[in-house]
Amino acid sequence: YTEGVVVAPDGTLFFSMTAPGVIVSVNPGASSGEIWAHVPAANGHAIADDGTHIVMSSAGSILRLDNSGRVIDVVATQVADRWLIYPNDVTIDSHRGGYFITDSGYKTMPKTVPPDLQGRVYRVDANNGVREVADRLAYANGIALSRDGTQLYVGESVSGRIWRYAVKADGALGARDLFAEM
């Protein structure tokens with residue numbers, strides 16, 4: 001299956017294939033792609049304002065890749081003595097610099113909402129400092145920041161909910177409210 005579909009400013013499309021651990025690039029006008037990078041359990045993917053690629057490795061790490069697909073930095077494998085379980089998705093914060101990521105909290109998606117919610121949201125600042133900004137999510141998955149950078153939306157795959165958080169000036173999150181339930 002595919003994940004992490006992004007389009008570079010030049011029109012090149014990238015997508016992750018989690019099971020084989022590759023990221024494929026498709027040039028504008030091409031009918032097929034080629035392997036651009038090898039990343040174990042490649043998942044969510046975004047292109048930062050400086051052109052680096054931020055990739056979630058669901059094997060347990062946040063990675064930065066250069067524009068040739070080479071890993072240039074392992075941003076984190078743990079945060080405050082907590083190992084990343086299943087880094088899933090990422091959204092760039094062009095307003096404050098840095099980005100937000102989801103960690104699903106489980107290696108496989110539970111069939112029902114578990115009693116001990118392990119999903120989390122982390123903020124990575126412009127200097128690659130990582131901190132937890134939200135917890136107690138039922139398989140945190142998709143994540144998106146509003147155009148004006150004031151609202152963060154986080155999808156829970158198990159519950160079918162989308163939570164909305166107000167984003168503070170320092171990137172911390174306010175209380176969450178239920179935005180949608182499917």
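**Stop 1: the largest pocket**

Start with the largest pocket of this predicted model, which has a volume of about 190 Å³. To find its centre, select Ala 48, Asp 50, Gly 98, Tyr 99 and Ala 126, the closest to that point among the 14 residues of the lining. Now colour the lining by residue class: you should get five nonpolar, four polar and five charged residues.

**Stop 2: a pair of tyrosines**

Next, turn on the aromatic side chains. There are three aromatic pairs to look for, and this tour visits two of them. Select Tyr 86 and Tyr 139 and show their rings. The ring centres are 6.3 Å apart and the planes meet at 40 degrees, so this pair counts as tilted. A tilted pair is one whose angle is neither under 30 degrees, which would be stacked, nor over 60, which would be edge-to-face.

Where does each ring sit in the chain? Tyr 86 belongs to the loop between β10 (82-83) and β11 (87-92), while Tyr 139 is in the loop between β14 (130-137) and β15 (140-145). The pair therefore ties together parts that are 53 residues apart in sequence.

With a surface switched on, are these two tyrosines buried or exposed? Tyr 86 counts as buried, at 11% relative accessibility, and Tyr 139 is buried too, at 7%.

**Stop 3: a tyrosine with a phenylalanine**

Keep the rings on display and select Tyr 153 and Phe 179. Here the arrangement is edge-to-face, with 5.0 Å from centre to centre and 70 degrees between the planes. Tyr 153 comes from strand β16 (residues 151-156) and Phe 179 from strand β18 (residues 173-181), so the contact links parts 26 residues apart in sequence. Check the surface again: Tyr 153 is partly exposed, with a relative accessible area of 23%, and Phe 179 is also partly exposed, at 44%.

**Stop 4: a four-stranded sheet**

Finally, switch to a cartoon view and go to the sheet made of β1, β2, β3 and β4. This is an open sheet with the strands in the order β1-β2-β3-β4 and antiparallel pairing. Which strands form the edges? Select β1 (2-7) and β4 (34-38): each of them pairs on one side only. Look along the sheet for its twist: neighbouring strands are turned by 25 degrees against each other on average, direction ignored.

To end, zoom in on β1 and β2 (residues 13-17). These two strands run antiparallel and are joined by four bridges. For one bridge partnership, select Thr 2 and its partner in β2, Met 17.

Technical notes. Residues are numbered from 1 along each chain as its sequence is written. This is a predicted model: local features need pLDDT of at least 70, side-chain atom pairs count only at pLDDT 80 or more; totals for chains, interfaces and linings use all residues. Side-chain values use heavy atoms; hydrogens and water are left out. Two strands pair if DSSP finds at least two bridges between them. Axes are lines fitted to C-alpha atoms, for helices over the stretch in contact, and angles run from 0 to 180 degrees between N-to-C directions. On a 1 Å grid over the protein atoms alone, a cavity is a set of points where a 1.4 Å probe fits but cannot get out, and a pocket is an open set with protein on both sides within 12 Å along at least five of seven lines; lining residues have an atom within 4 Å of a point. Grid points are joined across faces, edges and corners, and a volume is the space filled by probe spheres set on the points. Ala, Val, Leu, Ile, Met, Phe, Trp, Tyr, Cys and Pro count as nonpolar, Asp, Glu, Lys and Arg as charged, and the others, Gly among them, as polar. Rings of Phe, Tyr and Trp (its six-membered ring) pair if their centres lie within 6.5 Å; planes under 30 degrees apart count as stacked, over 60 as edge-to-face and the rest as tilted. Buried means under 20% relative accessible area, exposed over 50%, partly exposed in between (1.4 Å probe, protein chains only).
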